[in-house]
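Work through these exercises with the structure open. Each task is followed by a stepwise solution.

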Amino acid sequence: MLIIKDLHARVAGTEDREILKGIDLTVNAGEVHAVMGPNGSGKSTLAQVLAGNPAYEVTGGSAVLDGQDLLEMDPEVRAQTGVFMAFQYPVEIPGVSNAYFLRTAYNEIRKSKGLEEVDPLEFLDIMEEQLALVDMDPAMLERSVNAGFSGGEKKRNEILQMAVLRPRLSILDETDSGLDIDALRIVAEGVNKLKRPDSATIVVTHYQRLLNYIVPDFVHVLSAGRIVKSGGKELALELEAKGYEWVEQKEEALA
Amino acid sequence: MTRTYVDDFAAFTANGGGVAEGPEWLPSLRHSAIERFSELGFPTRKNEDWHFTSVAPIAEREFQLAPPAPRRVEAADLVPFSFGHPEWPRLVFVDGRFDAELSSTKNLPRGLFVTNLKRAWREAGVLLEQHLTKVAAFENDAFTALNTAFMNDGAVVHVAPDAEIEAPVHVMFVSTGLTDSLVTYPRNLVVAERNSKATVLESYVSLADAAYLTNTVSELVLRTGATLEHIKLQRESEKAFHVGNVQVTQERDSHMLSFSFATGAALSRTNVHTSLAGEGCGATLDGLYMVDGEQHVDHQTLVEHIEPNTFSRELYKGILDGASHGVFNGRVYVHAKAQKTDGKQQNNNLLLSERAQIDTKPQLEIFADDVRCTHGATVGRLDDVALFYMKSRGISAERARELLTYAFAADVLEKIDVRAIRDELEEQTLNRFTK
């Protein structure tokens, strides 16, 4: 479904050295992949580059979703094609209600597929179904997008968006950061319930903790912009026990 | 050009021009006002308060007192500017003249008295004598002096002690806009007595595009414990000129909520001045200006903290497109006696084009030592991170820009208390930025 080959990227508009230095990753439908790594390893950059954040510039390689070149698409087209990234720091948009924002996104995606837009009442039904999934109060729908939300509320709101937009490829960018255990459980349960045979999930995380709840099929370890180790879910536990120095040292030994 | 107004004044008083109404003291007041105007002349950019706004386009044009409207304005003409509930009391002025047929002042709630100035001389002489021209001084303001000399009609609203009036009073000044170079001088007085509560909505609209001038003065009096929400909608013709003074005086424990919404006129200037002249009173001054093309919009606010333990909250936002020019000059003046003043002032601007410009000048002048005052101003463009966030949810770049622009404005519109008014202004704003 998603095939990433030799992907290179750096901060846009700079001559800085690359943050991603050749990523290869294949994700098939129905799979959950965890991308782990220490700070500065490039794991968040990978998520941002896949979502099309203009703050990063791709300097080489390819990323193809269902045969379509992702890197050629604007961020909105990627979203319309089925890419969704849950932000590590969801953006506050005072003045736009959550309901209005989400309905606009939902309808823009429908429009791109040649489908009829849904009216506010129909959409309310669609949303209400999903609210329970993330244990969210319907009153939150009337509040401005993320404005004044707690850390946990913001992350739950990201999962609510994911539930409503039903992406084909979900990327969770350090969704566990700053979450207490209850919020973490709610978020993880939401993600698990949204798993479908025709969709895939990439979980980007620093800690193994989240993977107790969202069990990955594959774990990849990033270090200095490259995947240095891949394995099954037990790799995450091994990392937890030995620390990132373990893979970082191994990489040095290889080099 | 000052001469023209003085000559007009002679004609205005000679032919009776509405001056027949009113008490004995009025003609001499008018005379002092026109004399003061001829001494002051129109302000120039050397005057600090007019540094960023040239009144040359007004001063160099000869405006004539608007004659009675050349054709009848029908209720249907006002549909685009009417909103809220049909039961809301409404006073309509066409080219400065009260139109009883378009107005509706029947079945007023208990405690609310609404009339027009011309009638008020007879019906509420004592009220006028007590307050009219007492709040808005003309000694240092040429436009207020002119308004005082020529004032002819406007709204008079009185809210009795303890009366809480739900329905806003809608005062609508309609310009027919059929001829260029006409001038009107609306003069309004609102008195909210002890512990009363009311909302007054003042709209300025035009039925056609013309280069007329509106020179308006509103005097608002808040007695002890009163709460008054005053919303001014300046939606003049984009060729017109608008100079508006909102002058407020507040007694102990009163709360003034002022909102200035400005989208019209080629050149507009709105002053909102309030005097916090009693302990425990406060003012919330908010505003939103949105202009495009060659429009020039200027807001000057002044909050005078005179007595101790008073507060002020101020948020003005501006969205400037095309080659428009915005000016915001906000002064918070804390007198030596006004200890424990709590003041916050903010002016945020969004520039949508390279050619748009804004001059913003928030000022604090503090002469007391135990106060908490902050102020700030920002000028910026749409936030790239927020744009990316919206696009990453499938929202097109254009729609994301529209929504963020709307959101910038909605953030301050949310502060309007009366839901029907807030909804209307939100819709107008949404329509402005969405295609």
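**Exercise 1. Find the residue opposite Val219(A), then place its strand in the sheet.**

Solution.
- Step 1. This is a predicted model. In strand 12 of chain A, the residue facing Val219(A) is Gly231(A).
- Step 2. Strand 11 (residues 218-223) and strand 12 of chain A run antiparallel and are joined by five bridges.
- Step 3. Now take in the whole sheet. It is open, has six strands and follows the order 6-9-10-3-11-12 in chain A. The pairing is mixed.
- Step 4. Strand 6 (83-86) and strand 12 (226-231) of chain A are the edge strands, and each pairs on one side only.
- Step 5. On average, neighbouring strands of this sheet are turned by 20° against each other, direction ignored.

**Exercise 2. Determine which strands of chain A are touched by helix 1 and which by helix 5.**

Solution.
- Step 1. Helix 1 (residues 43-51) of chain A lies across strand 3 (32-36), strand 6, strand 9 (169-173), strand 10 (200-205) and strand 11 of chain A. Against strand 9 of chain A, helix 1 runs at about 140°.
- Step 2. Helix 5 of chain A also packs on the sheet, where it touches strand 6 and strand 9 of chain A. The direction of helix 5 makes about 165° with that of strand 6 of chain A.

**Exercise 3. Classify the packing of helix 5 of chain A against helix 4 and against helix 6.**

Solution.
- Step 1. Two numbers describe a packed pair of helices: the angle between the axes and the distance between them.
- Step 2. Start with helix 4 (residues 120-131) of chain A. Its axis and that of helix 5 of chain A come within 9 Å and cross at roughly 125°.
- Step 3. Helix 4 and helix 5 of chain A are therefore oblique to each other. The crossing of helix 4 and helix 5 of chain A is right-handed.
- Step 4. List the residues that meet. Helix 4 of chain A brings Ile126(A), Met127(A), Gln130(A) and Leu131(A), while helix 5 of chain A brings Leu160(A), Ala163(A) and Val164(A). By class, six are nonpolar, one is polar and none is charged.
- Step 5. Turn to helix 6 (residues 181-194) of chain A. It packs with helix 5 of chain A at an angle of about 5°, and the axes are 10 Å apart.
- Step 6. Angles under 35 degrees count as roughly parallel. Helix 5 and helix 6 of chain A are therefore roughly parallel to each other.
- Step 7. List this contact too. From helix 5 of chain A come Gly152(A), Lys155(A), Arg156(A), Ile159(A), Met162(A) and Ala163(A). From helix 6 of chain A come Ala183(A), Ile186(A), Val187(A), Gly190(A), Val191(A) and Leu194(A). The classes are eight nonpolar, two polar and two charged.

**Exercise 4. Describe the side of chain A that touches chain B.**

Solution.
- Step 1. Count the residues. Chain A gives 21 residues to the contact and chain B gives 18 residues.
- Step 2. Assign them to elements. Helix 2 (75-81), strand 7 (93-97), helix 3 (98-112) and helix 5 (151-165) of chain A each give two or more residues.
- Step 3. Sort by class. This side of chain A has 13 nonpolar, five polar and three charged residues.

**Exercise 5. Work out why strands 3 and 21 of chain B each have one side without a neighbour in the sheet.**

Solution.
- Step 1. Write the order. In chain B, 10 strands form an open sheet, 3-2-6-9-11-13-15-17-19-21, with mixed pairing.
- Step 2. Look at the ends. Strand 3 (97-98) and strand 21 (372-380) of chain B are at the edges with a single partner strand each, so one side of each lacks a neighbour in the sheet.
- Step 3. Add a helix. Helix 8 (residues 397-413) of chain B packs on the sheet and touches strand 15 (282-291), strand 17 (311-320) and strand 19 (342-351) of chain B. Its direction makes about 155° with that of strand 17 of chain B.
- Step 4. Check one strand pair. Strand 6 (residues 169-175) and strand 9 (residues 197-206) of chain B run parallel, joined by seven bridges. Val174(B) stands opposite Val205(B) of strand 9 of chain B.

**Exercise 6. Report the confidence scores of the model and its chains.**

Solution.
- Step 1. For the model, ipTM is 0.95 and pTM is 0.85.
- Step 2. Chain A has a mean pLDDT of 91, with 97% of its residues at 70 or more. Chain B averages 94, with 98% of the residues scoring at least 70.
- Step 3. Among the elements of chain A, helix 8 (residues 245-254) has the lowest mean pLDDT, 65, and helix 2 has the highest, 97.

How values were computed: Residues numbered from 1 in each chain as written. Chains lettered and ligands numbered in written order. Predicted model: local features only at pLDDT ≥ 70, side-chain atom pairs only at ≥ 80, totals over all residues. Contact = placed C-beta atoms within 7 Å. Helix = DSSP H or I, 4+ residues; strand = E, 2+ residues; numbered from the N terminus. Nonpolar A, V, L, I, M, F, W, Y, C, P; charged D, E, K, R; others polar. Pairing = 2+ DSSP bridges. Axes fitted to C-alpha atoms, helices over the stretch in contact; angles between N-to-C directions. pLDDT = per-residue confidence, 0-100. Parallel < 35°, antiparallel > 145°, perpendicular 65-115°, else oblique. Left-handed = near helix turned anticlockwise from the far one by under 90°.
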